[in-house]
Structure formats: structure tokens, C-alpha cells
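Visitor: Please take me through one part of this model in close detail, and then place that part in its surroundings.

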Amino acid sequence: MHIPDGYLSPIVSIGLGAATVPAWGIASQKVKAILNNRTIPLLAIFAALSFTIMMFNIPVPGGTTAHGVGGTLIAIVLGPWAAVIAVSVALVIQALFFGDGGVLAIFANCLNMGVLLPFVGYAVYRLLAGRAPLLSSRRAVAAGVAAYVGITVSALAVGIELGIQPLLFSDASGRPLYSPYDLNAAIPAMLLAHAFGASIVEGLITYLGVAYLQKRHPAYLTSLRGVYAPGVTDDGAASSRPYWQVLAATTLAAVAVLFAVGLVLGGGNPGRLFGADWSQVNWADVGTMLLVTAVIAVVIVPLAYLALPRRLKRIGAAFALVADIAPLGLIAPGFAYGEGGSKDVQAAFGYIPQGLQHLSGIFSAPLSGYTIPLPFFSGANASLWHAAVGYQATGIVGILLCGGVILAIARLLRGGGTVPDLPEDADAERHPAPGDAAEGIGA
Amino acid sequence: MTSPAVPAAPDQARVAASPSRSGDRRRDGRVGWLEKTLGGITASIEHAIFTEQHARTDGWLQRRDPRAKLGMFLALVLAASLTASVAVLVGLYALTLGAARASRVPFSFFVKRVWLGIPFFAGIVVIPAIFMVPGPRLFDFAIGSLHLAPSAPGAGGAVLFVARVGVSVSLAVLLVMTTPWADILKSLRSLRVPQVFVLVLSMTYRYIFLFLHTANGILLARKSRVVARTTGGEQRRWISGTMGNLMSRAFKMSNDVYAAMLARGFSGEMRARAFHRMRTADWAALGGVAAIAALAVLGGRTLP
């Protein structure tokens, strides 16, 4: 999420300073007023902590890793203004010393991660935590959700900053001068990548971090609280809810939200949820399709689990399941399902983003429309479950293709060995490689 | 961050751009999260040592006053981001290479370090844009229903974008590699950055290495003691416990540091020792570079 130099025009990146610099000024005033001279070592050390937390790789399901920012965690413990300074200082050091993020872009980066993130995170935390006792599990969950929202909003801000570049700064021939993606591309790219990846990690880490503090060092959550956020209820015993209750409540809430959104989109008519005409659905067909889908799932998922190598077992089985249940969307009538082509988008939004029009020419895949071009699957009077099977087959082929391509690229990159090495003199300083002694041990 | 999305990529670039990679790989060739973190921490420490070493060798840029250097750097970075001409960017890069040569920065390291890092990812990020930007097509290569048709403005924008990112990153690397951190901080003072910030920055920098050292110890201790395969949930609980533990140390440490500062007479005021003097050569270099930057922006308007 660190924007390097060259992505933003200097007018934007320096102009954002108009928001960042006053925030820094107010932050240092506030923090000084609350914590006095004690502030300086406290802030310096928490900035160092924030830097160290940004270095931590966290294991993510599926075998990859991600790293967190920790801004919300610091905001919860020290208050949002102190978090502004701690994260900003860490970002400045990253930019000036480690070349992570641009120097001119420092205002933009500090605004996104150093100002927006702690404030949004802290506001959501206060909202969700309400007046719950300080050591309740509700506060830990609220912290996790708050961190998720905070970092996602910060990613959205990055998407907007990058997305306005081609609109504002292109020359006469339409050549983009800075980041070339407009809002239609930059915002979804940033939002999706974070909402389903880094944000989850950040939320999880913040949740676990607050839970750890509640259990082991409750004093840190209580001692400063009265200073910067008076009026919040104090202490209280730790209480926790059984896991199934949390899960059930979340599921219920998700269904309720979906229903509400569907009602809004359907204009308040329960028969037209999500704007689709549900009376057109042939429910007998749907029943057959569900049955076929269930049978295929029962066969495919265990098969994937057994057939795949151990590393890929879980993730592979999960992908197989997703491919299998994907065609359930075919039930919805009147609206093309999935990432429809430009025609569907045009129908839905009334215009085609120009870029998509060119792109669709490039990527019109052989299995276009996500089904197999045989009469059995896509004929005019093929029944619903035929279409569903075609859908599942193309889904699995697609997943295999993507996996193959990614694997091939990974092999190529690894084989290429294009990693810059240290010159001789610095090699002597190299610390003993920590992993050598214990190879193969550990996670 | 995990994803291959637009600006998330530079985060991963740090791994590729770091001066070395610790050779800890698991037997099946994959690098685990623990090894990755250890490698990242080690690389940061190495990077710091390596940079400080080069900042102290005798070269043209090392001899310049840090304030002059910061001024030159800002002028050139501004010029690089204001110009719309690839030719000007190439010229600026040549200037950077010359300065690196004169300052005894290892040449192959400087070139590789820069171009295999962030600009490389900018290049990958920009590829789809070549096809998405509207405008006349360079050529239209059709394979069945597949059309491979890069647009002229898209390709031009991509070249400009990668060149700009590359030059900006080169300039930043050059500044950092020829200036000791303490001098960068002192010259920030002359840019009217409030003293509190400079003090916090310098203390942060010092404690970063303490924390990195501590974290390194914690991770190494785990790595050398755990023999079983552990679950993801256990690993995440452990990591967040480590973070909480570091946080509790941070609290204790800040109290101790404050007490120590009080004991040494700290009253909220910070006093810095007298600074270097700007010499004629420094003024000349600063003026020359500022003139080049202005010329690059104004004169570059007519160039492609």
C-alpha cells in the first residue's frame, strides 16, 4: 500500500500535505497536552514498534504470508492522535531510509495509513465496542472489525488517489502521465485485493493482539484509557461467548443484510429481490440442479482432497467446492450471472467503460460465457442442470489453467535467479543465516 | 500485503530489492513465514549497515553538505515528476549514474538494486494499461477471437511511467546511500521540520534496531525449539502474542527511557550541536542541480 514516487502527480502528492500537515500539528499538540514530556520516548518507541510489526509476516491460509500495519492496535491502546504520529514516523523512516514508498508521496502515504487508518479504525472500534466492559470479548472482536474497516478504507483512499491521475493528468494524445488506471480499475483492484486479503489479516491480528493484552497485560488497556477517552466504562470481568453462538449470529446477520439489500434493489417488493423476477423460476428444474450439484460435490471434493499433494489438499478442496457451488447463481433470472461481458454491463449500467470494451476483445476466452459450446450444455432448450454442469466443468478447467500458469511463472522466476547480491565487503558483515541450522524444522 | 494488486506490489518489492536474501529455505524449496520474517529483519539490518558503510566512504556526494544534498535531491525528484518527456528522464538517469560513479557507489549494485525492485513491479502493474487506454492502436494482432492491440498512448504512458518511477527510486537510493542517517535528520531541521519530530525520528531509528534485534531473538528461539508441524491458528496466536509481548516491552522501555532522560536533565527542550558549514562547492552544486532541474522541466516541454 506504500505508493512509490512517480505514481502520483506532484500537485496531488504535495497537495495532500494540506490535509496531512495540519493533522500532524494537531496530533502533536493533543498528544503533548495529554501525555506531556513523557510523549517523546513513548512515541518514538511505539513508532519503532509499528515499524517492527510491519516487518512481521503472518501465515495466511493457503500457504502465503501477509504483513500488518498495526495502526488500529496502537490507536486502541494509545489513542488515535498518538497513533497518527507513531505510524507516520514509521512511514517516514521507511521512505527515507528503506526506500519503501516515495519521498514526494510521503504526504499521501501518511494520509492513507497514518491518519485515515487509525481514525477510521478507532471510530469503528468505539462504535462497536459501545459501553462493553474493557475486558470483554466484544471489545476484542470490535477491535478486529475496526482494523479490517480501517485498512480497507485506507486502501480505498489509495485507489481514489491513483484513479484520479489519468483523469486529471493526460496529455493531448490521451497518454496518461502518471498512474494509468482510472477510478473504474484502480478502486476495485485496491479494494478487492485488501478486502479479501491484507485486511482480513490485519483484522485477525488486531483481534488476537487485543485479546492477548486483555489476558496478559490488562493494565495497558485501562491505565491510559481514562486519560484520552474519559467516560468509557471501566474494567469488568472477561466474558466469552461459545464459538457456535458467534458463528450463528454472524450467519443470521449476513442473511439479514443480504435480504435488506435485495429488498432495496428490488424496490421494496419481496417478489423481486435484487431486481430479479423470481416468479419466472422453474423450481422443479432448480431442485434437479441442486441435486446434481450436491452429487457432484460429494464426488469431487473428497476426490480433490485425496488426489492433491499434501500442501494443496485443503485449498484445492476449497476451490473445488467453490467451482461446484458457483452455478447456483444461474437460478437468478433476468440478470446475467458472473462477470458478464460488456453487453451485460451495458445493460446494467447503461454505458460501457471504454477500457473494458478493448479488454473484452483480448480476453474473449474459448469457453466464452462460462459454458462449453456443445448443444448438451448450452443449447436453447438445455435444462438448467445441464448448464450447471457445463458451468462447473469450465470453472474447474479455469482453476486448473490459472494454477498451471501461476506455477509455471513461479518456476520461471525461481529458476531465473535474478536476485541482486551484495558486493564482497558487505558479505563479510552478513549475519549467519538463521535458518541453516534448523532447516526443515518449524512451521 | 498479499495481493498482486496495483500499489500493493511495491511492498513485495522490498523483498526483491533488499540487498541480500538469507539462505534459509525449507527442504521442499518453499520459504515459511518464520523464515520470511527472519530474512526480512536480517535484510533490514544488513541494509542499514551496508548503507552506513557507503555513506562514510570518500566520494563526491559524501563530501557535500547534507542540506545541499537534500536540496539537490528534492529539485531533481520534482523535475522527474513534473516532466512529461522520456528523453528528459533518460537524461536525469544519466546524471544519477554519473553522480553514483563519482560517489563510489558500486555500479552494478546501484543499477540492479533499483531496476529489479520497485520499477520492475511498476512495469508489471502497467502492462494491462497498454491495452486499456483508448486511442489509436499500434497494431492489431488477431488470433481467432483474440485481439492483441496495444494502444499508442497506452504504450507511451507505460514507458513514461516506468522511467519516472525508476528515476525517482534511483535518486532516493543515491541520497540514502551517500548520507548518514543522522545527517539526513539534521538537514530536516533546516527544512523547518519541528524539533519534536526530528527528535522522535532519531529516537525511533535507534529503537527500531533494538526491536528488530529483540524480534530476531524471539523468532530464532521459536525456530530452534519447535520441531513439530504446527497449525495456522497456533502460528497466528503465537505471532499476535509476540506482538503483544513487544508492546508490553515498549511500555516498560518508554518509562525507563523517560526516567533516564529526566536523570540527564531533559526539560522538554532539545539542543543540537553546531552543524556543518555550507561551502562554496556545496552552493555551486546546489545551484547547478537546481538550474538543471529547472531546465529539464521547462526545456523538456518540446522533447518527446
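**Chain B, from a loop outward**

Guide: B:R104 sits in the loop that joins α5 (86-102) to α6 (107-115) in chain B. The model is a predicted one, and its scores are ipTM 0.76 and pTM 0.66. The phi of B:R104 is positive, about 60°, although the residue is not a glycine. Most residues other than glycine have a negative phi. B:R104 counts as partly exposed because it has 15 C-beta neighbours inside 10 Å, where 20 or more would make a residue buried and 12 or fewer exposed.

The chain around this loop has 12 helices and two strands. Read from the N terminus, the order of elements in chain B is α-α-α-α-α-α-α-β-β-α-α-α-α-α. Chain B has 304 residues, and 47% of them are buried. Among the contacts of chain B with a separation of 6 or more, 77% are between residues 24 or more positions apart.

Confidence should be read alongside these figures. The average pLDDT of chain B is 75, and 79% of the residues score at least 70. In residues 1-29 of chain B the pLDDT is below 50, yet this stretch has 95 contacts in the model beyond near neighbours in sequence.

Two further helices of chain B are each followed by a residue with positive phi. Helix α9 covers residues 181-190 of chain B, and its buried residues include B:I184, B:L185, B:K186, B:S187 and B:L188. The cover over the buried residues of α9(B) comes from both chains: it includes α5 (80-98) of chain A, as well as α4 (66-82) and α10 (195-225) of chain B. After α9(B) comes B:R192, with a positive phi near 65°.

Helix α11 of chain B runs over residues 232-263, which is 32 residues. From first C-alpha to last, α11(B) reaches 46 Å, close to the 46 Å expected at 1.5 Å a residue. The buried residues of α11(B) include B:R236, B:S240, B:T242 and B:S254, along with B:I239, B:M243, B:M247, B:A250, B:F251 and B:M253. B:G265 follows α11(B), and its phi is positive, near 90°.

One buried residue of α11(B), B:A250, leads across to chain A. Beyond neighbours within four places in sequence, A:F46 is in contact with B:A250 and also with A:I74, A:L78 and A:A86. A:F46 belongs to the largest nonpolar core, a set of 166 residues. Within that core, A:F46, A:L43, A:A47, A:A86 and B:L76 touch the most other members. Helix α8 of chain A (residues 183-216) gives the most to this core, with 17 residues. There is also a second, separate core of five residues, which includes A:W385, A:A387, A:A388 and A:V389.

One more site in chain A can be set beside the loop residue. A:A297 is in helix α12 (residues 283-307) of chain A. A:A297 counts as partly exposed because it has 16 C-beta neighbours inside 10 Å. Apart from neighbours within four places in sequence, A:A297 is in contact with A:L321 and A:D324. The C-alpha atoms of A:A297 and A:A323 are separated by 9.3 Å, with the two residues 26 apart along the chain.

Key. Residues numbered from 1 in each chain as written. Chains lettered and ligands numbered in written order. Predicted model: local features only at pLDDT ≥ 70, side-chain atom pairs only at ≥ 80, totals over all residues. Core = buried A, V, L, I, M, F, W, Y, C linked by C-beta atoms within 7 Å. Helix = DSSP H or I, 4+ residues; strand = E, 2+ residues; numbered from the N terminus. Contact = placed C-beta atoms within 7 Å. Expected span 1.5 Å × (residues − 1). pLDDT = per-residue confidence, 0-100.
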